[in-house]
Amino acid sequence: MSILQEIRASVIKGDAAGATAGVHKALEQNIPALTILNEALISAMTEVGEKFEAGEFYIPEMLIAARAMQNALQPLKPLLVESGAEPLGRVAIGTVQGDLHDIGKNLVAMMLEGAGFEIRDLGTNTAPATFVKAAQDGADIIAMSALLTTTMPAMKTTIEALQAAGVRDRVKVMIGGAPVTQSYADQIGADGYSGDASSAVRLAKRLIGVA
Ligand code: B1M
C-alpha cells in the first residue's frame, strides 16, 4: 500500500495518530502537501460520505474520521499557509447557521491565509447577525460555507440581513460547500462561488481586485 493509501485508510477508520504519522512520513518522502491533502485526506472524507450514504457508517464513524482528518491536517498547515507580507484584505468566514461542518471552511480559511488574507474565523453555526457584525467591523469579504442542502438557505438569509443592516454594498460575499453551485450564488445575489479551496483563493483575489 502506498503512503497516500495508508493515510486515506487511517482517516476512514478514524485512526488520528496513524493518519498524522502517515502525513509526516509522506512529507519525508517529499510528497507535496497539496497532493497529500487532495489524494489522501479529502479523498478519504469523500469515501466516508459514501459509506454514510450507503448505511455502512453512522454519525460516530463520521465524527472520528473528521477528527482524524483535522489532526492529520496539522503538519500540513505550515506548508499550506506561507506567511505573506501586508494582508491583501480581511475575510470573515463561517459555516452558516444550523450547520456544524467545518473541515472545508477551515481549509478555505487556511488557503486564504496562505495567500495573504487576514482571516476572522466566525466558526460554525454562524448566525446572520454575526456575519453582519463582522461586515460592520470592517471585513472586505464575507465568506460562507454550507454542507447541507437544508442550511444553504441561511446564505440567502444572511445576504438579506447584510442588506437590511445597510452593509451589503460595503462587502463582497462569496459562498461555497458541497451542495452549493454557481447558479445558487446567482440566485441569492452572492458575488461569487467556488468549488474548492484553491479556487476560493482566486475568487477572493478577483473580488477585491488584486487578480
Ligand atoms: Co455530515 N453530511 N452530517 N457530518 N458529513 C455530509 C455533508 C453528507 C453529504 C453525507 C452524505 O449523506 N453523503 C450529508 C449532507 C446531505 C445533504 O444535505 N445533501 C450529511 C449529513 C446528512 C449530516 C447530518 C444531517 C447527519 C445526521 O445528523 N443525520 C449531520 C448534520 C449536522 C449539522 O451540521 N447540523 C451531519 C454531521 C456530520 C458530522 C458532525 C458527524 C461530521 C462533521 C465534522 C466536522 O466538520 N467537524 C460530518 C462529516 C464529516 C460529513 C462528510 C462525511 C465529510 C464532510 C467533509 O469534511 N468533507 C460529508 C460527506 C461529503 O462531503 N462527502 C457529510 C471534506 C471537506 C474538505 O470538503 O466540506 O465539501 P467540503 O469542502 C470543500 C468544498 O466544498 C469547498 O472547499 C473545500 C475544500 O476543497 N468549500 C468552499 C467548502 N466551503 C467553502 C466555502 C467557500 C468556497 C469553497 O467560500 C466561502
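This report describes the ligand site of a predicted model.

## Placement

The ligand sits in the largest pocket. Domain 1 (3-82) and domain 2 (90-207) both contribute residues to the surrounding shell, so the ligand lies between the two domains.

## The shell

The ligand is surrounded by 36 residues. The closest are Glu53, Leu100, His101, Asp102 and Ser145. By class, 20 shell residues are nonpolar, twelve are polar and four are charged.

Several elements supply at least two shell residues each. The helices are H3 (33-53), H4 (59-73), H6 (103-114) and H10 (197-207). The strands are S3 (141-145) and S4 (172-176). H3 gives the largest share, with six residues.

## The cobalt atom

The cobalt atom of the ligand has His101 as its only protein donor. The donor atom is NE2, at 2.2 Å. His101 is found in a loop, between strand S1 (90-96) and helix H6. His101 is also listed among the closest residues to the ligand.

## Polar contacts

Nitrogen atoms of the ligand take part in contacts with Gly49, Glu53 and Asp102. For Gly49, a polar backbone atom is 3.1 Å from a ligand nitrogen.

Glu53 and Asp102 use their side chains. A polar side-chain atom of Glu53 lies 2.8 Å from a nitrogen of the ligand. For Asp102, the distance from a side-chain N or O atom to a ligand nitrogen is 2.7 Å. Glu53 and Asp102 are both among the closest residues to the ligand.

Note on methods:
Residues numbered from 1 in each chain as written. Predicted model: local features only at pLDDT ≥ 70, side-chain atom pairs only at ≥ 80, totals over all residues. Heavy atoms only, no water. Near = heavy atom within 4 Å. Polar contact = N/O pair within 3.5 Å; in protein donor to acceptor, adjacent residues only side chain to side chain. 1 Å grid on protein atoms, 1.4 Å probe; cavity = no way out; pocket = protein on both sides within 12 Å on 5 of 7 lines; lining within 4 Å. Sits in = over half its atoms within 2 Å of the grid points. Helix = DSSP H or I, 4+ residues; strand = E, 2+ residues; numbered from the N terminus. Nonpolar A, V, L, I, M, F, W, Y, C, P; charged D, E, K, R; others polar. Domains from an automatic or database assignment. Donors = N, O, S within 2.8 Å, 3.2 Å for Na, K, Ca; no water.
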